[in-house]
There are 2 protein chains.
Amino acid sequence: MNTGSEIEGGARALTPQRQVVLRVVRGTEAHLTAAEIYDAARRLLPSISYATVYNSLRFLRDEGLISEITFGNSASRYDRETGRHDHAVCTECGRLTDFDLSETAALLKLAARRSKFKPQSVHLTLYGLCPDCGAKS
Amino acid sequence: MNTGSEIEGGARALTPQRQVVLRVVRGTEAHLTAAEIYDAARRLLPSISYATVYNSLRFLRDEGLISEITFGNSASRYDRETGRHDHAVCTECGRLTDFDLSETAALLKLAARRSKFKPQSVHLTLYGLCPDCGAKS
DNA sequence: TCATAATTTAGAATTATTCTAAATCCACTT
DNA sequence: AAGTGGATTTAGAATAATTCTAAATTATGA
């Protein structure tokens, strides 16, 4: 009797490997790539494989325990923050920062009307110079 | 005396290859991938190579003649629309639509203040179901 | 014309990610 | 406690997108 919710019963288990990956992502405010997560995970569980890291990240993302950020065509980054939030990307060094602007959420209905899409979520992305790069110029 | 602006003088020329690529991107409202642009460009200039398509796309993007859209970790898409605008992405079929919400631009300063970034541009992305996929559910 | 710089080309290389097939693990059943 | 089936893990191969390399070509301008 799988109700479709949560992790339970036979399938969809939070295995030791998945726990390790989750722990790594939750252990930092940074937005790690799969490669960085693999390195960190191997320190906690040396036998873990690259494929399992990818499988686990997908699993955790599908379960809503972490979120995936994809910018540019570089490697995906994984974020422990799963609530709605916005991003700022540095056009100089690529640095990525989270922030939350309540006004963004308010644009959901407006954006839906304009695009004729049935809305699910909205994200605002600010492109600019991070404090470090901005100071240099 | 390169003033740093526009296309002129020796370097940075709009070669036949680059013109063809530009013509392909400008020739449709769709958002083509590099592979699709390569196919179309070869019909106009059979000798053009894949690498040149990539080089040209980068050149045209840097010159501000086209814009590059990167979603998920699939292939970049190229857009003839270079002005500020927003995107709606269908979470079901991946369809991508442009629209413009003037309210988004108004959030630039607010987002800059919150993130402490020196702002350059803002971009809103709506995730949801496109009209077709929305009708099915 | 000659020299120099920019550009194009084909194909190799790189990077990120997914796939495959075999091995392992786990919860049940007999 | 042995057997079964499903889920998961593993190592490595495969794929896809993009960038790099080195040689050839083209344009530019003294």
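Two strands are taken to pair if DSSP finds at least two bridges between them. In this predicted model, strand β6 of chain A, residues 118–129, and β6(B) pair in the antiparallel sense, and the pairing extends over eleven bridges. Within this arrangement, Leu124(A) has Leu124(B), a residue of β6(B), as its bridge partner.

The contact between the two chains draws on 37 residues from chain A and 37 residues from chain B. On the side of chain B that touches chain A, at least two residues each are supplied by β4 (86–90), β5 (96–99), α4 (102–106), α5 (108–115), β6 (118–129) and α6 (131–136) of chain B. Of these elements, β6(B) accounts for the largest share of that side, contributing twelve residues. When the side of chain B that touches chain A is divided by class, 18 residues are nonpolar, 14 are polar and five are charged.

Turning to the nucleic acid, DNA strand D is surrounded by 26 residues, of which the closest are Thr15(A), Gln17(A), Ser49(A) and Thr52(A), together with Ser76(B). Two or more residues of the surface near DNA strand D are given by each of α1 (16–26) and α3 (50–62) of chain A, and likewise by α2 (34–44) and α3 (50–62) of chain B. The element that gives the most to this surface near DNA strand D is α3(A), with four residues. By class, the surface near DNA strand D comprises ten nonpolar, 14 polar and two charged residues.

Technical notes
Residues numbered from 1 in each chain as written. Chains lettered and ligands numbered in written order. Predicted model: local features only at pLDDT ≥ 70, side-chain atom pairs only at ≥ 80, totals over all residues. Contact = placed C-beta atoms within 7 Å. Nonpolar A, V, L, I, M, F, W, Y, C, P; charged D, E, K, R; others polar. Near = placed C-beta within 6 Å.
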